[in-house]
Amino acid sequence: MSFSKFSSTFGRVSAAAAGLLAPAVAFAQEAAPAATEAVAAAPVPDKGDTAFMFLCTILVLFMLVPGLALFYGGLVRAKNMLSVLMQCTVAGAAIMLVWVIYGYSFAFGGSTNAFFGGTAKLFLSGVSMDSTAATFSDAVIPEYIFMLFQMTFAAITPALIVGAFAERIKFSAAILFCLLWVTFVYFPIAHMVWDANGLLFGMGALDFAGGTVVHINAGVAGLIGAIMVGKRTGYGKDMMAPHSMTLTLVGAAMLWVGWFGFNAGSNLEASGGAMLATVNTFIATAAAIISWSIMETFTRGKASMLGAASGMIAGLVAITPAAGIAGPMGAIVMGLLVSPICYFFISVVKNKFGYDDTADVFGVHGIGGLFGALATGIFASSSLGGIGYAEGVTMGAQFMVQVKAVLVTLVWCGVGSAILYKIVDVIVGLRVPVEAEREGLDLATHGEAAYHS
């Protein structure tokens with residue numbers, strides 16, 4: 001066919017098609033405004049907020065591995081270094097799988113139950129590229145990134161507990177306990193505090209990024225674990241100093257960096273609230289480091305690297321529930337106050353009662369989280385530079401709400417953790433044999449050594 005004939009034929013076909021399509025085009029033009037209105041009405045995630053939450057999610061993962069693993073690893077003896085790294089890594093990985101299977105639904109499944117999120121989102125049912133999650137303003141973010149951000153919180157919280165019974169627990173017992181604990185303790189508390197239908201949320205409890213959900217929860221479980229698993233063989237007699245303060249500081253510094261994702265990300269969008277959380281995460285931590293070093297200088301005559309690292313974590317823990325709520329000056333005061341309190345529990349209370357909390361999980365996370373949760377009720381006041389209370393709520397009323405939230409967390413976690421430790425002990429046993437403990441869990445449990453001479 002010549003080009004002229006092709007052009008002629010194509011022209012006739014085009015004209016015929018235009019005639020057939022004319023009614024459809026007219027209908028489309030009439031329907032366009034309605035479609036446009038429908039599209040406009042559907043919430044569209046902001047790409048900036050989405051990118052911000054993606055970064056924050058990765059930063060929280062960085063807190064777990066390598067941050068927390070190295071922090072705890074440096075605090076134990078060299079022969080148990082790899083055991084702690086494995087417990088943090090494998091527990092985190094196992095909980096990530098549990099989270100997408102049923103954890104997300106149990107915490108944020110949409111149930112109106114005050115204690116349980118329901119089963120509507122089991123296996124991520126209904127969660128897709130198009131589903132969204134609401135933020136604290138009129139904005140939305142993809143539900144996938146909200147689900148993943150909350151997943152990293154669920155993964156790191158039980159890993160915090162590992163430090164309390166490090167160097168003498170069975171690997172299988174540690175992993176089994178973490179899986180049971182997130183199921184029956186963490187998921188319900190997360191729902192109660194952070195879900196709109198939750199018990200503590202409905203009471204008006206303030207917990208911006210996890211003072212009750214993460215730190216009090218982990219601290220109490222750690223204390224009960226340290227008691228129920230028992231003291232390390234030779235505790236109080238053998239040398240059990242941290243084998244590498246260098247790695248402890250590296251891990252602590254990684255935690256501080258990752259904590260910006262933890263705190264700022266809890267704002268769920270890249271707005272002024274996230275920046276307030278960022279400011280507070282800087283300065284409360286700095287104040288706590290200085291405060292701990294001063295305490296040690298007066299009580300021991302020397303400021304230690306272990307003390308500075310402990311102050312760093314204590315400051316981060318204390319500001320977590322108030323990160324986007326307290327003002328910067330309030331954050332400094334919280335940082336200055338938390339270190340002496342935690343130092344007292346570690347150096348006096350722990351020794352008095354004689355429990356063996358290897359990495360001072362209760363002394364730092366439990367006590368620091370408790371202080372932070374209560375102090376949030378005070379430093380939220382606009383008169384102290386905070387964002388203020390809900391309409392009609394006074395400082396005294398908010399403080400009492402915080403007390404109730406702390407008590408609910410203590411009871412739920414305390415009773416639940418004790419039962420779960422006992423269940424794990426019956427199923428697999430909690431402790432390794434004394435011979436394995438003396439040899440070191442790296443070789444006895446994993447057949448590897450962290451260092452070779």
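**A loop residue, helix packing and enclosed space in a predicted model**

Leu-124 lies in the loop between helix 3 and strand 1. In this predicted model, the phi angle of Leu-124 is near 60°, a positive value in a residue other than glycine. Leu-124 counts as buried because its relative accessibility, 19%, falls under the 20% cut-off.

The loop between helix 3 and strand 1 also holds Ser-111. With a relative accessible area of 18%, Ser-111 is buried too, since burial is set at under 20%. Once neighbours within four places in sequence are left aside, Ser-111 is in contact with Phe-116, Gly-117, Gly-118, His-191, Asp-195 and Asn-197. A further link across the sequence is given by Ser-111 and Ala-196, which are 85 residues apart along the chain while their C-alpha atoms are 9.7 Å apart in space.

Another positive phi angle in a residue other than glycine, near 85°, is found at Glu-167. Glu-167 sits in the loop between helix 4 and helix 5. The relative accessible area of Glu-167 is 1%, so this residue is buried. The backbone holds a cis peptide bond as well, joining Val-65 and Pro-66 with omega at about 10°. Pro-66 has its place in helix 2.

Turning to the chain as a whole, the secondary structure comes to 15 helices and two strands. The C-alpha trace spans about 100 × 55 × 40 Å along its principal axes. Of the 453 residues, 53% count as buried. Among contacts with a separation of 6 or more, 77% are made by residues 24 or more positions apart.

Helix packing can be followed in one pair. Two packed helices are described by the angle between their axes and the distance between the axes. For helix 11 (residues 328–353) and helix 12 (residues 361–379), the angle is about 145° and the axes are 9 Å apart. The crossing of helix 11 and helix 12 is right-handed. On the helix 11 side, the contact is made by Gly-330, Val-333, Met-334, Leu-337, Val-338, Ile-341, Cys-342, Phe-345 and Ile-346. These residues meet Phe-362, Gly-363, Val-364, Ile-367, Gly-368, Phe-371, Gly-372, Ala-375 and Phe-379 of helix 12. By class, the contact of helix 11 with helix 12 has 14 nonpolar, four polar and no charged residues.

Helix 11 and helix 12 return in the description of the second largest pocket, where each supplies at least two lining residues, as do helix 2, helix 9 (272–299) and helix 10 (305–319). The largest share, five residues, comes from helix 11. This pocket holds about 770 Å³ of space. Of its 29 lining residues, Leu-306, Ile-346, Lys-350, Thr-358 and Asp-360 lie nearest the centre. Ile-346 is thus one of the residues in the contact between helix 11 and helix 12 and also part of this lining. The lining divides into 15 nonpolar, eight polar and six charged residues.

The largest pocket contains about 960 Å³ of space. It is lined by 39 residues, and those closest to its centre are Phe-136, Val-193, Trp-194, Phe-201 and Asp-207. At least two lining residues come from each of helix 3 (81–108), strand 1 (132–134), helix 4, helix 5 (171–194), helix 6 (199–203) and helix 13 (395–427). Helix 4 gives the most, with five residues. In this lining there are 24 nonpolar, eleven polar and four charged residues.

Enclosed space was also searched for over the whole structure, and one cavity of 30 Å³ or more was found. About 40 Å³ of space lies in the largest cavity. Its lining is made up of Met-63, Leu-68, Ile-156, Leu-160, Val-214, His-215, Leu-255, Trp-259, Phe-262 and His-365. Two or more of these residues are given by each of helix 2 (47–75), helix 4 (143–161), helix 7 (211–229) and helix 8 (245–264). Helix 8 supplies the largest share, three residues. The cavity lining comprises eight nonpolar, two polar and no charged residues. Helix 2 thus contributes to the cavity lining and to the lining of the second largest pocket, while helix 4 takes part in lining the cavity and the largest pocket.

Methods: Residues numbered from 1 in each chain as written. Predicted model: local features only at pLDDT ≥ 70, side-chain atom pairs only at ≥ 80, totals over all residues. Heavy atoms only, no water. Axes fitted to C-alpha atoms, helices over the stretch in contact; angles between N-to-C directions. Helix = DSSP H or I, 4+ residues; strand = E, 2+ residues; numbered from the N terminus. Left-handed = near helix turned anticlockwise from the far one by under 90°. Contact = heavy atoms within 4.5 Å. Nonpolar A, V, L, I, M, F, W, Y, C, P; charged D, E, K, R; others polar. 1 Å grid on protein atoms, 1.4 Å probe; cavity = no way out; pocket = protein on both sides within 12 Å on 5 of 7 lines; lining within 4 Å. Points joined across faces, edges and corners; volume = space filled by probe spheres on them. Buried < 20%, exposed > 50% of the residue type's maximum accessible area, 1.4 Å probe, protein only.
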